Amino acid sequence: MTPSNDSVSNEAGPDSRRVRLRSALDGLPSYRPGRSATGGGAPAPFKISSNENPYPPLPGVEDAVVAAARSMNRYPDMFATELVAALADRFEVPAEHIATGTGSVGVLQQIVQACASEGDEVVYAWRSFEAYPIVVGVSGATSVRVPLDQDARHNLDAMADAITERTRLVLVCSPNNPTGPAVSRSELDAFLERVPRDVLVVLDEAYREFVRDPEAADGLEVYRRHRNLCVLRTFSKAYGLAGMRVGFAIAHDEIADALRKTAVPFGVSALAQVAAVTSLAQEEHLLERVEALVRERDRVAVALRDQGWNIPRTEANFVWLDLGDETDEFAQKCAESGIIVRPFSGEGCRVTVAEPEANNIVIRVAAEWIRQ
């Protein structure tokens with residue numbers, strides 16, 4: 001017998017009740033990744049919306065990953081022992097000061113879980129990395145957003161003013177995603193002098209390898225002098241391992257230990273660990289690729305400024321176009337020309353520095369736009 005529509009209705013009776021979810025999730029934005037590049041008959045598009053490295057893995061990485069894949073029926077080393085040892089050697093820090101996770105955003109989630117919960121506050125600049133309000137909101141803590149200054153840079157004085165007795169964590173993104181400027185050494189030192197010693201400051205340096213400003217803060221140098229500073233880095237950008245999901249934090253003993261406690265067990269796969277260790281051994285090739293991207297970044301930024309664009313000084317592998325209400329229209333124009341950029345509606349577009357061919361299209365589209 002076929003049931004009637006009434007008998008399968010979800011709108012009445014005890015079975016209509018919904019699963020109870022945490023109210024902290026109400027109103028939280030979902031993370032929005034950069035659009036994928038799809039052809040669809042248009043010119044073969046370049047995806048320059050996710051700050052990915054356009055180069056393939058470093059020499060030897062692919063072979064190492066293929067070999068490791070033969071043991072995918074086994075769990076990975078939960079503590080990423082070989083990777084931690086390689087990182088400790090590379091950065092000259094104790095192994096006990098290192099915690100790993102699934103990309104820098106995975107480690108960031110571990111940090112927030114370790115520090116903040118309902119009733120607590122987390123201070124960060126805005127606009128900055130779009131995952132910040134999500135991971136803070138999921139914890140139940142309250143986001144305290146401090147506007148960037150007129151040059152699209154962190155206003156660290158205002159961020160220090162925003163710290164209260166409820167503040168448990170401060171996030172500093174340098175270079176800032178999506179605008180590009182880096183925090184200077186003197187700015188960070190002055191800021192840390194104002195931050196209470198029981199408040200953790202995270203310096204998110206996902207793009208550190210691209211920094212060329214001699215005045216920019218180096219998190220590893222600063223962490224040695226401040227026990228409440230945690231440095232966050234990743235293999236996703238300069239190392240070209242975005243698909244592997246490997247990030248790490250460097251912090252003093254009690255902080256790093258807390259991050260290991262909040263990590264997802266076996267979160268960093270065996271393939272990812274092998275890829276990261278092999279990549280660390282390819283420093284010479286890494287620097288060559290980073291230098292090529294930095295040259296392209298500077299070429300694009302100079303070309304855009306010459307056209308009349310007000311481009312913030314970027315120390316990352318992207319540039320920021322302040323477009324306001326025209327943001328979505330510009331992104332659509334780019335898509336029609338074969339490039340996929342990352343729009344932040346009503347604010348601007350982040351444009352990843354990629355292959356010279358893609359960068360040339362950016363320069364051409366931007367020139368046409370500003371002339372119209």
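In the predicted model, 22 salt bridges are present. One of these links the side chains of Arg-225 and Glu-221, with an N to O distance of 3.0 Å. Both residues of this pair are partly exposed: Arg-225 has a relative accessibility of 43%, and Glu-221 has a relative accessible area of 31%.

Another salt bridge joins Asp-298 to Arg-297, at 3.3 Å from N to O. Here the two partners fall into separate accessibility classes. Asp-298 is partly exposed at 37% relative accessibility, whereas Arg-297 is buried, its relative accessible area being 2%. In the salt bridge between Arg-313 and Glu-315, the closest N and O atoms lie 3.1 Å apart. Arg-313 counts as exposed, with 51% relative accessibility, while Glu-315 is buried at a relative accessible area of 4%. Elsewhere, Asp-157, Asp-161 and Arg-194 are connected into one network by salt bridges that share partners.

Cysteine pairing was examined next. The structure contains 0 disulfides. For Cys-334, the closest cysteine sulfur belongs to Cys-349 and is 6.3 Å away. The converse also holds, since the cysteine sulfur closest to that of Cys-349 is the one in Cys-334, at 6.3 Å. A disulfide requires the two sulfur atoms to be within 2.5 Å, so the separation of 6.3 Å between Cys-334 and Cys-349 is too far for a bond. Both cysteines are buried: the relative accessible area is 2% for Cys-334 and 0% for Cys-349.

Cys-349 is also part of a sheet contact, as the residue in β12 that stands opposite Leu-321. Strand β12 covers residues 348-352 and pairs with β9 in the antiparallel sense over 5 bridges. These two strands belong to an open sheet of 3 strands, arranged in the order β9-β12-β11 with antiparallel pairing. The edges of the sheet are formed by β9 (318-322) and β11 (342-344), each of which pairs on one side only. On average, neighbouring strands in this sheet are turned by 20 degrees against each other, direction ignored. In general, the strands of a sheet pair through backbone hydrogen bonds, in either a parallel or an antiparallel arrangement.

At the surface, a nonpolar patch is formed by Tyr-75, Met-78, Phe-79 and Phe-266. Together these four residues present about 480 Å² of accessible area. Tyr-75 is located in the loop that runs between α1 (61-69) and α2 (81-91). With a relative accessible area of 69%, Tyr-75 is exposed. Patch residues must have over 30% relative accessible area, so Tyr-75, at 69%, meets this cut-off.

A second loop residue, Leu-148, is found between β4 (142-147) and α5 (156-161). In contrast to the exposed Tyr-75, Leu-148 is buried, with a relative accessible area of 19%. The limit for the buried class is under 20%, and Leu-148 is therefore counted as buried at its value of 19%. Leu-148 and Ala-158 are separated by 10 residues in sequence, and their C-alpha atoms are 9.3 Å apart in space.

Note on methods: Residues numbered from 1 in each chain as written. Predicted model: local features only at pLDDT ≥ 70, side-chain atom pairs only at ≥ 80, totals over all residues. Heavy atoms only, no water. Pairing = 2+ DSSP bridges. Helix = DSSP H or I, 4+ residues; strand = E, 2+ residues; numbered from the N terminus. Axes fitted to C-alpha atoms, helices over the stretch in contact; angles between N-to-C directions. Patch = residues over 30% accessible without salt bridge, like charges linked within 9 Å, V, L, I, M, F, W, Y side chains within 5 Å. Areas by Shrake-Rupley, 256 points an atom, 1.4 Å probe, with all protein chains shown as cover. Buried < 20%, exposed > 50% of the residue type's maximum accessible area, 1.4 Å probe, protein only.
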